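The following exercises concern the packing of two helices and the pocket beside them. Please work through each task before reading its solution.

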Amino acid sequence: DVGNHLTALQEISDSASREYGLEKTLESIYEQWQPVAFELKPWKDTETYIVAGTTVDEMQSLMDDHIIKVQTMKGSPYAK
């Protein structure tokens with residue numbers, strides 16, 4: 001009888017819903033980075049590269065937002 005297990009089923013359903021929400025957030029983050037294109041240019045004679053072009057501010061803003069989201073998700077008891 002389902003009625004005897006209703007509380008357990010509700011807890012499982014709640015956990016599954018919250019885990020699904022975390023997965024959807026990660027998918028959204030991934031999708032937001034897909035159209036972002038950036039150019040790397042050599043930095044002087046150091047054999048290192050820097051991000052160049054007009055996308056630097058866009059990337060920084062997106063990264064700042066996503067770092068906060070991921071840190072929040074990491075603290076969730078539903079993150080594995």
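Helices are DSSP runs of H or I with at least four residues, numbered from the N terminus. The model examined here is predicted.

**Exercise 1.** Determine which elements line the largest pocket, and which of them gives the largest share.

*Solution.*
Step 1. List the lining: Glu19, Leu22, Glu23, Leu26, Val70, Met73, Lys74, Tyr78, Ala79 and Lys80.
Step 2. Assign residues to elements: α1 (6-33) and α2 (55-74) are those that give two or more residues to this lining.
Step 3. Compare the shares: the largest, four residues, belongs to α1.

**Exercise 2.** State the volume of the largest pocket and classify the residues of its lining.

*Solution.*
Step 1. The volume of the largest pocket is about 160 Å³.
Step 2. Sorted by class, the lining holds six nonpolar and four charged residues, with no polar ones.

**Exercise 3.** Establish how α1 and α2 are oriented to each other and describe their contact.

*Solution.*
Step 1. The axes of α1 and α2 lie 11 Å apart, and the packing angle is about 165 degrees.
Step 2. Angles over 145 degrees count as roughly antiparallel; α1 and α2 are therefore roughly antiparallel to each other.
Step 3. The handedness of the α1 and α2 crossing is left-handed.
Step 4. From α1, Leu22, Thr25, Leu26, Ile29, Gln32 and Trp33 take part in the contact; they meet Met59, Leu62, Met63, His66, Lys69, Val70 and Met73 of α2.
Step 5. The contact of α1 with α2 comprises nine nonpolar, three polar and one charged residues.

Notes
Residues numbered from 1 in each chain as written. Predicted model: local features only at pLDDT ≥ 70, side-chain atom pairs only at ≥ 80, totals over all residues. Heavy atoms only, no water. 1 Å grid on protein atoms, 1.4 Å probe; cavity = no way out; pocket = protein on both sides within 12 Å on 5 of 7 lines; lining within 4 Å. Points joined across faces, edges and corners; volume = space filled by probe spheres on them. Nonpolar A, V, L, I, M, F, W, Y, C, P; charged D, E, K, R; others polar. Axes fitted to C-alpha atoms, helices over the stretch in contact; angles between N-to-C directions. Parallel < 35°, antiparallel > 145°, perpendicular 65-115°, else oblique. Left-handed = near helix turned anticlockwise from the far one by under 90°. Contact = heavy atoms within 4.5 Å.
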